[in-house]
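Trainee: I would like a close look at one helix of this model and at what surrounds it. Could you take me through it slowly, in one connected account?

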Amino acid sequence: MGPYLPPPPDYASPPANWGRSEHVERLFAEYSVDVTSERFALDFEADSSEAFVDTLADYYGPLLQARNKLTAAGRWDALRDELIALSNQMNAAGDGHFRAPSAYLVTLARKRQ
């Protein structure tokens, strides 16, 4: 979404970093907590790539906000088209539906006794 929106503030880290245990551990390093992380996977599924992108635009906060801003500027359709093309590239279904594997990280920080 970078070409369509203003850059994030200097202090903000890219959202993808939250999926890296090393990054999350650094964020908590100065606190008296024990950090553990575990990686999981799931498949995103939808009737089509278009339906997948539209669902994200309705429920995924960053994309919902981008849609709201870009619609007013007349640029939403261009970003949506790019996201659909990207989703088509990631699509592992092969049967007209949409399925894309996705890994995620669950991190637990427990206060030391």
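Mentor: What follows starts from one helix and then moves outward to the parts around it. Please keep in mind throughout that this is a predicted model.

Let us begin with helix α2, which runs over residues 49-59 and whose buried residues are Ser49, Phe52, Val53 and Ala57. These four residues lie on the same side of α2, because they cover an arc of only 135 degrees around the axis. It helps to recall here that an α-helix has 3.6 residues a turn, so residues three or four places apart point the same way. The cover over the buried residues of α2 includes strand β1 (33-46), helix α3 (61-73), helix α4 (76-90) and strand β2 (98-111).

Now take one of these buried residues, Phe52, whose relative accessibility is 11%; this counts as buried because the limit for that word is under 20%. The ring of Phe52 forms an aromatic pair with the ring of Phe44, with 5.6 Å from centre to centre and 55 degrees between the planes, and this pair is tilted. Phe44, by contrast with a buried residue, counts as partly exposed, at 36% relative accessibility. Ring pairs also bring in Phe98, so that Phe44, Phe52 and Phe98 are linked into a cluster.

The same helix has a residue to look at that is not among the buried ones: Asp54 counts as partly exposed, at 30% relative accessibility. Asp54 forms a salt bridge with Arg80, and the closest N and O atoms of the two are 2.7 Å apart. With Asp54 in helix α2 and Arg80 in helix α4, the pair links distant parts of the chain, 26 residues apart.

From here we can turn to the nonpolar interior. The largest nonpolar core has 14 residues, and those with the most contacts inside it are Leu63, Leu70, Trp76 and Leu79. Helix α2 is one of the elements that give two or more residues to this core, the others being α3, α4 and β2. Of these elements, α4 gives the most, with four residues. Trp76 is a good residue to click on, for, leaving aside its neighbours within four places in sequence, Trp76 is in contact with Ala57, Leu63, Arg67, Leu70 and Thr71. Ala57 in that list is one of the buried residues of α2, while Leu63 and Leu70 are among the residues with the most contacts inside the core.

Next, consider the two strands that help to cover the helix, β1 and β2. By the rule used here there are four aromatic pairs in the model. One of them joins Phe40 and Tyr104, whose ring centres are 5.6 Å apart and whose planes stand at 25 degrees, so the pair is stacked. Because Phe40 lies in strand β1 and Tyr104 in strand β2, this pair ties together parts that are 64 residues apart in sequence. Both residues are partly exposed: Phe40 has a relative accessibility of 33%, and Tyr104 has a relative accessible area of 36%.

A salt bridge joins these strands as well, between Asp43 and Arg99, with the closest N and O atoms 3.8 Å apart. Asp43 lies in strand β1 and Arg99 in strand β2, so the pair ties together parts that are 56 residues apart in sequence. Asp43 is partly exposed, with a relative accessible area of 36%, and Arg99 is partly exposed too, with 29%.

Strand β1 takes part in another such link, for the side chains of Asp34 and Arg112 meet in a salt bridge at 2.9 Å, N to O. Here Asp34 lies in strand β1 and Arg112 in the segment after β2, so the pair ties together parts that are 78 residues apart in sequence. Asp34 counts as partly exposed, at 42% relative accessibility, and Arg112 is likewise partly exposed at 42%. The count of salt bridges in the model comes to four.

Finally, look at Pro101 in strand β2, which counts as exposed at 59% relative accessibility. Leaving aside its neighbours within four places in sequence, Pro101 is in contact with Leu42, Asp43 and Ala92, and Asp43 is the residue of strand β1 that we have already met in the salt bridge with Arg99.

Note on methods: Residues are numbered from 1 along each chain as its sequence is written. This is a predicted model: local features need pLDDT of at least 70, side-chain atom pairs count only at pLDDT 80 or more; totals for chains, interfaces and linings use all residues. Side-chain values use heavy atoms; hydrogens and water are left out. Buried means under 20% relative accessible area, exposed over 50%, partly exposed in between (1.4 Å probe, protein chains only). The arc is that of the directions from the helix axis to the C-beta atoms. Contact means heavy atoms within 4.5 Å. Rings of Phe, Tyr and Trp (its six-membered ring) pair if their centres lie within 6.5 Å; planes under 30 degrees apart count as stacked, over 60 as edge-to-face and the rest as tilted. A nonpolar core is a set of buried Ala, Val, Leu, Ile, Met, Phe, Trp, Tyr and Cys residues joined through side-chain atoms within 4.5 Å.
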